[in-house]
Amino acid sequence: MTGPVLVAEHIGKRFGGFTALDDVSVSFEAGQLTAIIGPNGAGKSTFFSLLSGAVAPTSGRIRFEGADVAGQPHHRFTRMGIARSYQITSLFPQLTAHENVRLACQAIHASARGGLWRDRAHYPGLAEEADSTLALVGLLARRGRPAASLAHGEQRALEIAVALASRPKLLLLDEPTAGMSPEETKEMMDLIARLASERTVLLVEHKMKMVMGLADRIVVLHQGKLLAAGTPDAIRTDADVRRVYLGEGRSGRG
Amino acid sequence: MTRDIAAARIMPSGADWSATAQRWRVPLLTVALAALPWIVPSQALAVNILIFGLYATGFNLLFGFAGMLSFGHAAFFGAGAYGAGIALARYGVGWFGAIAIGVAVAGVLALLIGALSIRSRGIYFSMVTLALAQLVYYVAFQATDWTGGENGLRGLTVSVIHIGPLALNFLDPVTKYYVILVFVVAALYAISRLLNAPFGAAMEAVRENESRAAAIGYDVKRIKLIAFTLSGLVCGLAGTLDALHLSIVPIDTLFYQTSGLAVMMVLLGGSGTFLGPFVGAAIFLLIEDVFSIWTPHWQLFVGIVFILAVLFLPRGVWGTLAAWHKRRSA
């Protein structure tokens, strides 16, 4: 452990008169898997959008490896080493699985991404990198199929592969098991555990059993505010958390 | 894992066919276009297919590959035509210099209109491009000293083209056709390279899913502006060639109907395909050529064919053929 990779300092987000996130400060240690939980409308998605750079906070600072990055455009976050996957699958539907991932590989190589003349196949390493990322999520056999024609579980896996292809130091996964069958969920959990052994991972997840077994640390949001942060055991016994979240009878879900 | 990758590579798929087609698309189109004057009913029609095919290809670069529907591409076609025409008629610039000036004027205009219009998306983007292009039309309409106003720009006849020691008679329709063909093929080669290059892939990413393209590290605004400008350059080149071909620049060149022409041709032929725009231009102009002989209402027939194509061949004529072949060989 070499100190925090990402630090959120008093960040908040208002949409007009509505405060989606209010004065949240959390730091994320390198190498840890942190799960973000909270009831619907707690601000998890907003929090994720701020941390991944998709949306700029209206207040506060975000420090990535020491530098204040809040307000930078989304593509800069990715190039610095923060990548995310989406709760609602967000791929390039008409392009092949291989091309979906290759595009992400291409984007992080400054020498490749804007090339106007040389054939895309002649940039060394990109296609191989894309294929080995597909192999990692078990999709190599499907490399030539358009993303739109893949099964739901395969699309969820491709979703992760596209995020991984950015070679992120910090990987943000937004409900990766959404809509998956129990077997697919099991496979996805194994994959996430493997990914987390090599990089810092943030995870939004509803399936509590999965979260409790997987995460090093849990951050609980409630009504746009930070309610608690700590180890799974500490969270399980936290009185506030039990009252607003676990006490609502959702602990057994998933 | 390495063996899996090797195995996946060997697996035959539709990708083989499309890779071959991609490698040969420029030579194939060049051969087809070189034979065109002897296939279609008239020389004039062949030249029009050449010029408007290139114009539609330039439009398709933006619409078919980057997913941005511009209703203002007449501005770039017209800027190329007027840029070259004014250089020839008012400043006595040589033919080659005039082409270069026309393309440059179109490129600068595309950069300007692009920078203003890419701030909006979808139908709003289309409306901004339409409004700005109409603005260009009215400026050209009023600036009669430069453009000739509603009478069009005249006095730019190029009769001989000198290339080194060679003097080509540009008034001879066949010679003219092949001189123009050289420029069209050079542009097609460059476009083909662009589409196969990483930038072509990035444009498709923007078309398919703009927010994910940003999320994986692409500067979407920059890609859109570059795509818009390159598209304007190609349409500008088509415009300069049209000015040289007609020896006059009619004010209609800048009118919004010219923008609509590109949309119709690309939808007829197949957007997002390399050869589609030429197929669409050929179909459109062939119908015009055949039906305008015996009825002034030839647009009625183009309209019917267009409606049928949109209803029954939403991928366009060439797009449907290509997709059908791909499915069969997959």
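**Exercise 1.** Determine which residue is the bridge partner of A:Leu221 in β10(A), and place the pair in its sheet.

*Solution.* In this predicted model, local features need pLDDT of at least 70, side-chain atom pairs count only at pLDDT 80 or more, and totals for chains, interfaces and linings use all residues. Residues are numbered from 1 along each chain as its sequence is written, and chains are lettered from A and ligands numbered from 1 in the order in which they are written.

Step 1. The partner of A:Leu221 is A:Leu226.

Step 2. Strands β9 (residues 217-222) and β10 (residues 225-230) of chain A pair in the antiparallel sense over 5 bridges; strands are DSSP runs of E, at least two residues, and helices runs of H or I, at least four, numbered from the N terminus. Pairing requires at least two DSSP bridges.

Step 3. The two strands form a hairpin with 2 residues between them, and A:Gln223 in the turn has a positive phi of about 50 degrees.

Step 4. β9(A) also runs parallel to strand β3 (residues 33-37) of chain A, joined by 4 bridges; here A:Ala35 stands opposite A:Ile218.

**Exercise 2.** Identify the residues that A:Ala161 touches.

*Solution.* Step 1. Contact means C-beta atoms, placed from the backbone, within 7 Å.

Step 2. Leaving aside residues up to four places away in sequence, A:Ala161 touches A:Val101, A:Thr133, A:Leu134, A:Val137 and A:Leu139.

**Exercise 3.** State which residues make the contact between α13(B) and α14(B).

*Solution.* Step 1. The contact involves, among others, B:Phe284 and B:Ile287 of α13(B), and B:Trp298 and B:Phe301 of α14(B).

Note on methods. Contact = placed C-beta atoms within 7 Å.
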